[in-house]
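Reader: I'm new to this one. Could you walk me through how to read it, one feature at a time?

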Amino acid sequence: LLRDGYWRGVFTAIIQLIRQHLIFIPILLIVILALINWVDLPFTIWIKKVELDAHAYTFWDFICSCAEGGFVAGLLFTIAMLADYFKLKQFALVTKISLMASIYGGLANGVFKFIFNRQRPAIGLDQWHFFAFFESGAKHFSDLMYAYNSMPSGHVISTMAAVMPFMLAYKSRALRIGLVIWVLIVAFSRIYTINHWLSDVVVSSILGIIIGLAVYQVNAWRIIRDEA
């Protein structure tokens with residue numbers, strides 16, 4: 001898929017999308033900063049105070065597992081292979097675009113995690129604890145792999161990036177509503193299990209939308225060619 005150019009021009013498309021919607025960036029920054037300052041901590045404290053029924057926690061943790069980047073990519077790969085086998089050409093193309101979007105989102109997630117190094121709420125309740133890479137408290141590699149790895153959420157960014165091609169390629173209202181509900185469920189599961197702050201999943205959703213849209217835009221010609 002890389003050789004066939006599914007990622008060719010994606011970074012340029014992302015830059016163009018940002019330029020086209022430059023006016024919204026200050027608004028998004030204000031919203032995100034407001035969430036971090038006034039919403040993240042009280043919302044997480046409320047989640048922690050909610051009685052965590054063992055069965056409920058197991059369910060939401062299972063949802064987290066279903067949204068792991070490796071699981072999402074593996075599922076999409078399998079679906080693409082089956083679609084090819086059964087000659088469902090358009091569906092196979094959209095699934096391949098979705099697969100590449102999810103992988104691109106996962107890689108972007110790793111880059112942003114390395115930049116922000118935000119402390120997870122499960123480790124400490126300081127919502128402004130960023131850039132732990134430069135702090136003496138982060139002495140172990142495992143700290144950077146989990147404890148200070150909160151923003152963005154890899155589960156949400158990969159899932160959001162993966163669903164965007166399907167939402168753009170198919171006009172079914174039921175499908176779109178179902179995909180939006182699935183993303184919201186994944187986002188809530190990451191907050192409920194105290195793995196992420198609310199602002200983490202908001203930032204991840206925005207990044208996932210941008211990446212999914214960019215990957216779809218540079219590959220939309222494949223679907224148009226198939227329809228022709």
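Author: Sure, let's start with what an element is: helices (H or I, at least four residues) and strands (E, at least two) are DSSP runs, numbered from the N terminus. Here, α4 is followed by Lys-87, whose phi is positive, near 65°. In a similar spot, Ile-194 comes after α8, with a positive phi near 60°. Before we go on, this is a predicted model: local features need pLDDT of at least 70, side-chain atom pairs count only at pLDDT 80 or more, and totals for chains, interfaces and linings use all residues. Residues are numbered from 1 along each chain as its sequence is written, and side-chain values use heavy atoms, with hydrogens and water left out.

Reader: How many helices and strands are there in the chain?

Author: The chain has 9 helices and 0 strands. Reading along the sequence gives α-α-α-α-α-α-α-α-α. For overall size, we use the radius of gyration, taken over C-alpha atoms, and a globule rule of 2.2 Å times the number of residues to the power 0.38. The chain's radius of gyration is 18 Å, close to the 17 Å that the rule gives for 228 residues, so the chain is as compact as a globular protein of that length. Along the principal axes, the C-alpha atoms fill a box of roughly 55 × 40 × 35 Å.

Reader: What should helix α4 span, at 1.5 Å a residue?

Author: The expected span of a helix is 1.5 Å times one less than its number of residues. Helix α4 (residues 69-85) has 17 residues and should span 24 Å; its end C-alpha atoms are 24 Å apart, which agrees. Try α8 as well: its 20 residues should span 28 Å, and its end C-alpha atoms are 28 Å apart, which agrees.

Reader: Which residues of α4 are buried?

Author: Buried means under 20% relative accessible area, exposed over 50%, and partly exposed in between (1.4 Å probe, protein chains only). In α4, the buried ones are Val-72, Ala-73, Leu-76, Ala-80 and Ala-83. They cover an arc of only 95° around the axis, which puts them on the same side of α4; that arc is of the directions from the helix axis to the C-beta atoms. The face turned away from the buried side carries the exposed Gly-70 and Tyr-85.

Reader: What do the buried residues of α4 pack against?

Author: Contact means heavy atoms within 4.5 Å. The buried residues of α4 pack against α3 (54-66), α5 (89-116) and α7 (154-169). Over in α8, the buried residues include Leu-179, Val-183 and Arg-190, and what covers the buried residues of α8 includes α2, α3, α7 and α9.

Reader: Which residues touch the most other members of the largest nonpolar core?

Author: A nonpolar core is a set of buried Ala, Val, Leu, Ile, Met, Phe, Trp, Tyr and Cys residues joined through side-chain atoms within 4.5 Å. The largest one has 40 residues, and Val-10, Ile-211, Val-215 and Ile-223 touch the most other members. The elements giving two or more residues to this core are α1 (10-20), α2 (25-49), α4, α5, α7, α8 (173-192) and α9 (198-227). Apart from it lies another core, of 13 residues, among them Ile-63, Ala-67, Val-186 and Ile-191.

Reader: Is Phe-114 buried or exposed?

Author: Phe-114 lies in helix α5, and at 55% relative accessibility it counts as exposed. From Asp-84, Phe-114 is 30 residues away in sequence and 37 Å away in space, C-alpha to C-alpha.
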